[in-house]
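Biologist: Got the model open? I'd like to go through the pocket and then the charged pairs.

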Amino acid sequence: VHWNDPTVMELSGCSNEENKPNALILGYPVISADFSFTHAGSIVNNSGLSEVEFTEEKRNYFSCEKNVGPHTPPTFIVHTRKDQCVPVNNALVFTNALCQNNIDFELHIFQNGPHGLSVADRRTTWIDKDFAKWTDMASSWLWNRWE
């Protein structure tokens, strides 16, 4: 959601909309900097700040759901309800923000499965036939967006 932030554009060497993703595909994403329901370690690691340095302004900046707007690309999200690492609320608050801003999205929440399932097939440690369908769902979603 920060692709158009002047600092991000400067660091990437891009200008205008060169940096804009065509779409987002998010798997069990850490979206919010609201430490009551996020994976605080990920937010801290990705921000480069300590928890103590998270002012209200920084918390708002790093809470992606608070920065959704017309600039936000269409989004595909997959999560599991029983993810004990990244609460499913992260996907829900982001989807709600997408909905409020009329941004196209598709959301799939599978009942079972831990965090980090990846493709959940024979190539990975954890096999889950239901969750493994997400890659075909995401491919179909992308394909249908640009037909």
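Biologist: Which elements each supply at least two residues of the lining of the largest pocket?

Modeller: Three names to note: β1 (24–27), α2 (40–47) and α3 (56–62). Keep in mind that this is a predicted model.

Biologist: Which residues line the largest pocket?

Modeller: From the start of the chain, Val-1 and His-2 are in the lining, and so are Leu-24, Leu-26, Val-30 and Ile-31. Then come Ile-43, Asn-46, Tyr-61, Phe-62, Cys-64 and Phe-94.

Biologist: How do those lining residues divide into nonpolar, polar and charged?

Modeller: The lining has 10 nonpolar and 2 polar residues, with no charged ones.

Biologist: And how much space lies in that pocket?

Modeller: About 280 Å³.

Biologist: Switching topic. How many salt bridges does a search of the whole structure find?

Modeller: It finds 2. In one, the side chain of Arg-145 meets that of Asp-104, at 3.4 Å from N to O.

Biologist: Which parts does that pair tie together?

Modeller: Arg-145 sits in helix α5 (residues 134–145), and Asp-104 in the loop between α4 (89–100) and β3 (105–110), so the bridge links parts 41 residues apart in sequence.

Biologist: What are the relative accessible areas there?

Modeller: Arg-145 has 29% and is partly exposed. Asp-104 is partly exposed too, at 44%.

Biologist: Which side chains meet in the other bridge?

Modeller: Lys-133 and Asp-130, at 3.5 Å from N to O.

Biologist: And how accessible are those two?

Modeller: Lys-133 counts as partly exposed, with 45% relative accessibility. Asp-130 is partly exposed at 47%.

Methods:
Residues numbered from 1 in each chain as written. Predicted model: local features only at pLDDT ≥ 70, side-chain atom pairs only at ≥ 80, totals over all residues. Heavy atoms only, no water. Salt bridge = Lys/Arg side-chain N within 4 Å of Asp/Glu carboxyl O. Helix = DSSP H or I, 4+ residues; strand = E, 2+ residues; numbered from the N terminus. Buried < 20%, exposed > 50% of the residue type's maximum accessible area, 1.4 Å probe, protein only. 1 Å grid on protein atoms, 1.4 Å probe; cavity = no way out; pocket = protein on both sides within 12 Å on 5 of 7 lines; lining within 4 Å. Points joined across faces, edges and corners; volume = space filled by probe spheres on them. Nonpolar A, V, L, I, M, F, W, Y, C, P; charged D, E, K, R; others polar.
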